[in-house]
Every structure is written in structure tokens, then in C-alpha cells.
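This report concerns the annotated domain spans, the largest pocket and one helix pair of the structure shown below.

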Amino acid sequence: MSDLSQIVKAYDVRGTVPDQWDERVAEALGAAFTQLLNTTDEPGDAVVVGYDMRASSPGLAAAFAAGVRAEGRSVIEIGLASTDLLYFASGSLDLPGAMFTASHNPAQYNGIKMCRSGARPIGQDSGLAQIRERAQALLDSGSSRPVGESTRPAERRDLLPDYAAYLRKLVDLSGIRPLKVVVDAGNGMGGFTVPTVLGDAALPALPLEIVPLYFELDGTFPNHEANPLDPANLVDLQRAVVEHRADIGLAFDGDADRCFVVDERGEPVSPSAITALVAARELAKHPGSTVIHGLITSSAVAEIIREHGGEPVVARVGHSFIKAEMARTNAVFGGEHSAHYYFRDFWFADTGMLAAMHTLAALGEQPLPLSVLAGEYERYIASGEINSTVADQAAAVAEVRAAYPEATADEMDGLTLRFSDGAWFNLRASNTEPLLRLNVEAPTRERMVSLRDDVLDRVRR
């Protein structure tokens, strides 16, 4: 019997197929999701369902849809999609949705990101726990309906052109200087969306020369993992940017809701710098607005938000937490260290494509190279995220906390210790993997390296 507590995480479903979950589990989750919608007066009578390029995705999505239809709601199938395309569908149609993807995880994984109408998030505290309990009860009782049994119809729609046109209206790239752009899709859904958004012949031509890397959809990820947060997966993009003398490089993760940026030298631009850059652009359009930033973005982000007249608000790591805080504060924009970027104009949802377009616009609206432009938003030295597998995570965190009595502690999300010289670090357990994640920042490289190595020594001892 499937134990759903192993795959239902803090803000999505994630596990290996078929040993941790399969189409029977997907159908039970679809039924449970719809039961929750029906008992909370969710508007509309349909659910939007999309999926990524993994081999298991179409079957899981179809089983989920069968569970939805058996519980009395119709299904709008959008087929292959990036996660932000699913959010566009949910927002523009004002319907709940489900996206089948395991994002950056390896090929044997799959998952579901669910949302209410208007792309409103569903996490453990906003419905996911109830979905897990209802689905577990269905599986335990054996009452889950056979795949395909249904009382409601399914409709197929292609929303990719509408998504592209909508993003083009939010960020006008038509007047920028010509740019050569290398895009590494990692065999993920960026290979499906980028050609339409940035190069579709049906839309007005943009002054962009796109150099594609790994646009072929392939859920086995034959070239590298679709996880740009790991520096090893940026190597091909960095090399290509230099070889092609490109102005910028963009790397998308597997479901293309995250975007990483590389400058003309092949050097990564930190997601904190992109957060600050986009925040400044949004605050220029919406003066005085609130901007959300993740707990472990650079200290420079809050400083720059204030300098541009905005109000910075910190939030826990994770898309459901960020989205909830975005909605609560009516924030114009939000950014995380993991390169998730959220926009009020996009139903408070995250879209890597829109962040990429803002970066292209900022670069193309002035003559300086990206390394100089991005340097205006880089003020501190960061370690990047460092993962450690630890048998007793709580004990390791406690030992680290005790080692720095002079620091100010914050336990909003894991352990954050801040020092009087401006250095800080965050140590937190992963929501999706058995890891402790460390992020360190300091005014100088020497201080960052020293603090990083000392914390890692204690964590891994």
C-alpha cells in the first residue's frame, strides 16, 4: 500500500515512479484534489492539467484527470507545458490546475504542483495535507475508481500562443538593441516555450539571435541534469556563451519555471542580483510597492529595494510560502535565491520566462555589458547553496547554533545567524531531499570562506 506521507512534501508531490507512486496513486490524488475543491466552493467546474517531457508524465496526468472527472469536474488538457504555462492557464481561465513535473529532479522522479483558481498556491497549510489524507483513505479502502471511468468530459486546448502573447505585453523587447542569447533548456520544457515566446514567427520579430542548447524534449536528460542551481550543469552554457561571443546566457530547469543567467564572460549572475534588478524595474513602474524576497537572498536585495522606494518583506523559502505572502501584501514582485521569480502581473505566480525577459530588456535598453550592469546589484560575497547529507539533522543544527553565541538567531526557516560585521549564514533542511542546505554571505571573500568552512566542518563532523 502506498504511503503518501513519503511523497507529499511541503508544497508539492514528489517521488520516484513507479516504486513510490504510480497511476493508481495519481488517480486517487486527482479525486482527492477535486473533493477538496468541491468542499471549499472553488469557482468553475473544470480543472486544467498539464505535464512535462518525462516518460511517466502523460500517463500520470491522464490518471489524475480521470480522478477529477469521476468526482464531477471536467478537465481542460493543455498537454506539454512549462509550470508557468500551467499557471498562466489557471490564472487566465480562473480555474484550479495541476502540473505534472519533478522540476530539476532526475528522470525516475515525477510530481504534481497543484493550485487553486487564479494560480493560488496549495501547500501543506493550504490544502495539501487534506488532499493527502483523502487520497490515502481512497487507496487504503481500495475504492479508487479505475482509470478512465468518468462522468465529465475532457477538452484539449493549446494555450502556448496566448501565453507568449501575454508575456510579450508585460515586457516589450521590440525596441532593445540586438542581442545574441544562448539558451540552455537542458532537454526540458524551455525547449518547448522559448521558441514561441522569443522567436515565434506568428508574433512580431524581436532583435534577438537565439543560440539553442539541448532544446530536444527528453526526460532522461542525456546531456546534463536540468538543475542550473548545480554549477556543473552550467558548464556547457558558459562555454557556449564565450564561444559564440554572446551577450547573455539563460538556463532553464526541467519545468522551466526557474531561469539562471550567465554574463558575456561566461560568469554566473546570482539570482539575488537578478531579484534586485527586476525589483528596481518593477518599482519604477509601481513606486512604493512591496517586494518579497526569500530569506536567503543577499542582504543587497533589501537595501536596493529600499533605495528604489520599495518596501522589502522577507518570506520563507518555497513557492507556496512566497505566493501566499505576495497575495497577502499585494507585492509587485518576489524573488528567491533558487531563481524563482514571482510577479503580481502573473497572478503572483513564478515564471522564469518573464524574469528572463526583464533581464533581456534591462540589458538591451542600455549599452553596457551584462557583467557591468549586474555588478551594480552585487555587493557581497556569497557561497551559493552547499548541500550536506547528515544522519541527525537536528543535532547538527543545534551544534552549529551553540558554536556562535555572539550571533543573532532567526528560526523563520531553518537557522539563520547574523553577525555584527554583516556576515550571515542560513542552515536548513531541504523540503524535498534528505539534505542540510547551507548558504553563507559576507562583506569579503576571506570572511565568507572562513565562515563557510567552519560551519561545514561542524555539520559534516
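The end C-alpha atoms of residues 163-266 lie 30 Å apart, and this span is 26% helix and 20% strand. Helices (H or I, at least four residues) and strands (E, at least two) are DSSP runs, numbered from the N terminus. The model is predicted: local features need pLDDT of at least 70, side-chain atom pairs pLDDT 80 or more, while totals for chains, interfaces and linings use all residues. Residues are numbered from 1 along each chain as its sequence is written, and side-chain values use heavy atoms, without hydrogens or water.

An unreviewed UniProt entry annotates residues 6-135, 163-266 and 274-380 as "domain: Alpha-D-phosphohexomutase alpha/beta/alpha"; such annotations may be inferred rather than shown by experiment. Two of these spans are set out here.

| Span | Helix | Strand | End C-alpha separation |
|---|---|---|---|
| residues 6-135 | 38% helix | 22% strand | 13 Å |
| residues 163-266 | 26% helix | 20% strand | 30 Å |

The largest pocket (an open set of 1 Å grid points where a 1.4 Å probe fits, with protein on both sides within 12 Å along at least five of seven lines) has a volume of about 920 Å³. Its lining comprises 36 residues, of which P268, S270, P271, A382 and G384 are closest to the centre; lining residues have an atom within 4 Å of a point. Elements giving two or more residues to this lining include strand 11 (268-269), helix 8 (271-285) and strand 17 (381-382).

The axes of helix 5 (residues 160-170) and helix 6 (residues 190-199) come within 9 Å and cross at roughly 50°. Helix 5 and helix 6 are therefore oblique (neither under 35 degrees, over 145, nor 65 to 115).

Notes: Grid points are joined across faces, edges and corners, and a volume is the space filled by probe spheres set on the points. Axes are lines fitted to C-alpha atoms, for helices over the stretch in contact, and angles run from 0 to 180 degrees between N-to-C directions.
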